[in-house]
Amino acid sequence: MLFENVIGQEPVIRIFENILKHQRLAHAYLFTGPMGVGKFYFARELAKTILCSTKNTAFSDNRSINFQLPCQSCSSCRQVEQEWHPNLSITSPAPGEKNITIDKIRRIEREIKLKPLQGKYKIFIINDAETIVEEGFNALLKTLEEPPSYVLLILITSKPEAILPTVVSRCQLIRFYPINDRLLNSFFSRHLKLPEKELDVLTYLARGSIGLGCYLKESDFLQQRELLLNCLADRGPSQMVQSGGYSTGGLAEEIISYAQSGKKKLEENRQQVVQQFTILALFFYDVLMLHYGLEQYLMNPDKKKLSQRIKSASSPEKIVRIMETLIDSERLLKLNANYKLVVENTVLNMNLS
């Protein structure tokens, strides 16, 4: 089977099996769908399938058919895997930049005019395509209107609404969807080696995204979540009401201490605080859902008892106010405010009285 390493995107696999079987590859595709569900990985596997120099016959229902599996071992497959094949160009925003600049698009335009050094295709993958500047989109239109026969252009985005309609109309749209929890859980079990309880929580929080799940694991999200919510549990709703909020020596100290753990730069500390505010916002979202009887939408189902305890000591209006406080604080941190002061002020304003 083609794309056998692609997880949870069977409709997309079937589409491209049929395309390759009948040799009807279009000149441009737009891959859309949530972040982290395998759009870029699939594009790279497609490039490997097309560019492989030593292919193996693929089989379907024990019958040989006219498309082939990449061998995974030839120099071409290895070069695609390492993303430096001469007929493969991968473009995305540079580190620290928000946009794909016009200069990068002009470079693509120049490369498109050069025929492939080997094989029949030159493949151009543009990741985070929604970040292309407007001039860049306009430059791409020329290629999309009259593409050379050897060019395959793949735009990848989680925000198709941010791409010029004239560009979208000249691409074949391929939709990717969230991966179901069973496949996600199996993937995390094989690759992340987590205890079963953490595995289930990570699967739930990942919301169908391998990329998000791996990010949460790598960024110690689960550990931060456990520490913060245990801090809430230890304090308890009655203490929150009696004290009118949290002391800066409790929750605030926990947040700042965790943010400063390890030798990190100031911006990394700030990002850690943003992540912890996100954890708290998701938890108070659960409390709000319980107030309205919407238990099925809990983001932290394993912390339901704690959510119910906080619910019993609060009103929906108070929870909304706490969530607004957290959101405002995240905004201030992104504007480079002093994260220690932001944390202390935020915690002081998180009260249920």
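In the predicted model, helix 7 passes helix 9 in a right-handed crossing. Two packed helices are described by the angle between their axes and the distance between the axes. Here the axes of helix 7, residues 181-192, and helix 9, residues 210-218, come within 11 Å and cross at roughly 40°. Helix 7 is therefore oblique to helix 9, since the oblique class takes in angles that are neither under 35 degrees, nor over 145, nor from 65 to 115. The residues that meet at this crossing can be listed for each helix. Helix 7 contributes L184, F187, F188 and L192, and these meet I210, G213, C214 and K217 of helix 9.

Helix 10 spans residues 221-243, and F221 is found in this helix. The relative accessible area of F221 is 5%, so this residue is buried, the limit for that class being under 20%. When neighbours within four places in sequence are left aside, F221 is in contact with L205, L216, Q275, I279 and L282. A further relation links F221 to T278: the two residues are 57 residues apart in sequence, while their C-alpha atoms are 10.0 Å apart in space.

Strand 6 consists of residues 151-157. Of its 7 residues, 7 are buried, so this strand is largely enclosed by the rest of the structure. Its residues point in two directions: V151, L153, L155 and T157 point one way, L152, I154 and I156 point the other way, and all are buried. Strand 6 pairs with strand 1, residues 28-32, and with strand 5. Strand 1 and strand 6 run parallel and are joined by 5 bridges. One pairing between them places F31 with I156, its bridge partner in strand 6. The pairing of strand 5 with strand 6 is also in the parallel sense, over 5 bridges. In this pairing, I123 stands opposite L152 of strand 6. The chain leaves strand 5, passes through helix 5 and reaches strand 6, a β-α-β crossover that is right-handed.

The loop between strand 5 (122-126) and helix 5 (134-145) contains T131. With a relative accessibility of 13%, T131 counts as buried, although this residue lies in a loop. Residues up to four places away in sequence not being counted, T131 touches P93, K98, N99 and I100.

Two other loop residues were examined for their backbone angles. Q23 lies in the loop between helix 1 (10-21) and strand 1. The phi angle of Q23 is near 55°, which is a positive value in a residue other than glycine. Q23 has a relative accessible area of 65% and is therefore exposed, the limit for this class being over 50%. N336 lies in the loop between helix 14 (316-334) and helix 15 (339-349). The phi angle of N336 is near 70°, again a positive value in a residue other than glycine. With a relative accessible area of 54%, N336 is exposed.

Notes: Residues are numbered from 1 along each chain as its sequence is written. This is a predicted model: local features need pLDDT of at least 70, side-chain atom pairs count only at pLDDT 80 or more; totals for chains, interfaces and linings use all residues. Side-chain values use heavy atoms; hydrogens and water are left out. Helices (H or I, at least four residues) and strands (E, at least two) are DSSP runs, numbered from the N terminus. Buried means under 20% relative accessible area, exposed over 50%, partly exposed in between (1.4 Å probe, protein chains only). Contact means heavy atoms within 4.5 Å. Two strands pair if DSSP finds at least two bridges between them. A crossover is right-handed if, with the strands pointing away from the viewer, the path from the first strand over the helix to the second runs clockwise. Axes are lines fitted to C-alpha atoms, for helices over the stretch in contact, and angles run from 0 to 180 degrees between N-to-C directions. A crossing is left-handed if the near helix is turned anticlockwise from the far one by less than a right angle, and right-handed if clockwise.
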